[in-house]
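Here is a short report to read with the model open beside you. Please take a look at the structure before going on.

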Amino acid sequence: MTSLPLNPDGDRRDRLIFGKPLDWQTQAAQQRRVSFDKLPLCTLEQLIQEGFVQASEQPLSDPDALELVEVARCLSRPTLSAWVEVLVSPPACQEWVRITAIRFEGMITPVERSFFWRSFYHVRALEMTPRLLRATFDSAALLFVSHPVVAYQDVVPWDLSEPGADHDPRLTHG
């Protein structure tokens, strides 16, 4: 999939994410990014459709936006909340929205935990508890120079095997 040019409508992008346009006119605002840590996946899909997020070709080893949407669909159920964490750049930047993490909250089943592990075992950091699944991506590492991220990507949870060719990557609900 080739990348399309980013949609230049910064006010529309800001309204989708923040509910109102941001003032990017000051020098300080033009040199920083704004983080948003609970962007609903339906909003991410809308940002992709309207050209504010590159749907593929994420930097480094990050999963692309379409992969994240697909994983979220597999884990979708009413009692499990899903969000992405994003960085929003000023209009002068080439990259407007960067996805830094994906998070699921609620009662996590062992099957969902296993599916999440197999989907994101290669990313920078994983948090997996009975009520939280969170994957942080390599592009987020640039943000945490003064706030180190504890990375568990080389540790296999005791009850999960290394992903291999013998597993079915699709999640099925009983």
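What follows is about one helix, the strands around it and the salt bridges that link them.

The model is predicted, so local features need pLDDT of at least 70 and side-chain atom pairs count only at pLDDT 80 or more, while totals for chains, interfaces and linings use all residues. Residues are numbered from 1 along each chain as its sequence is written, and side-chain values use heavy atoms, with hydrogens and water left out.

Let us begin with helix α5, residues 110-120. Helices (H or I, at least four residues) and strands (E, at least two) are DSSP runs, numbered from the N terminus. Buried means under 20% relative accessible area, exposed over 50%, and partly exposed in between, with a 1.4 Å probe and protein chains only. Eight of the 11 residues of α5 are buried, so the rest of the structure largely encloses this helix. Those buried residues are E112, R113, S114, F115, F116, W117, S119 and F120. Their cover includes α4 (65-74), β2 (80-88), β3 (97-106), β4 (125-129) and β5 (132-136), where contact means heavy atoms within 4.5 Å.

Strand β2 is itself mostly covered, with seven of its nine residues buried. Two strands pair if DSSP finds at least two bridges between them. Strand β1 (residues 34-40) pairs with β2 in the antiparallel sense over five bridges, and S35 has L87 of β2 as its bridge partner. β2 also pairs with β3, again antiparallel, over nine bridges; here V84 stands opposite I102 in β3.

Now to the charged side chains. A salt bridge is a side-chain nitrogen of Lys or Arg within 4 Å of a carboxyl oxygen of Asp or Glu. By this rule the count comes to nine salt bridges, including these three:

| Pair | Closest N to O |
|---|---|
| R77 and E112 | 2.5 Å |
| R134 and E85 | 2.6 Å |
| E127 and R134 | 3.1 Å |

R77 lies in the loop between α4 and β2 and E112 in helix α5, so their salt bridge ties together parts that are 35 residues apart in sequence. E112 counts as buried, at 2% relative accessibility.

R134 lies in strand β5 and E85 in strand β2, so this pair links parts that are 49 residues apart in sequence. R134 is buried at 18% relative accessible area, and E85 is buried at 8%. E127 is partly exposed, with a relative accessible area of 35%. Salt bridges that share partners join E85, R103, E105, E127 and R134 into one network.
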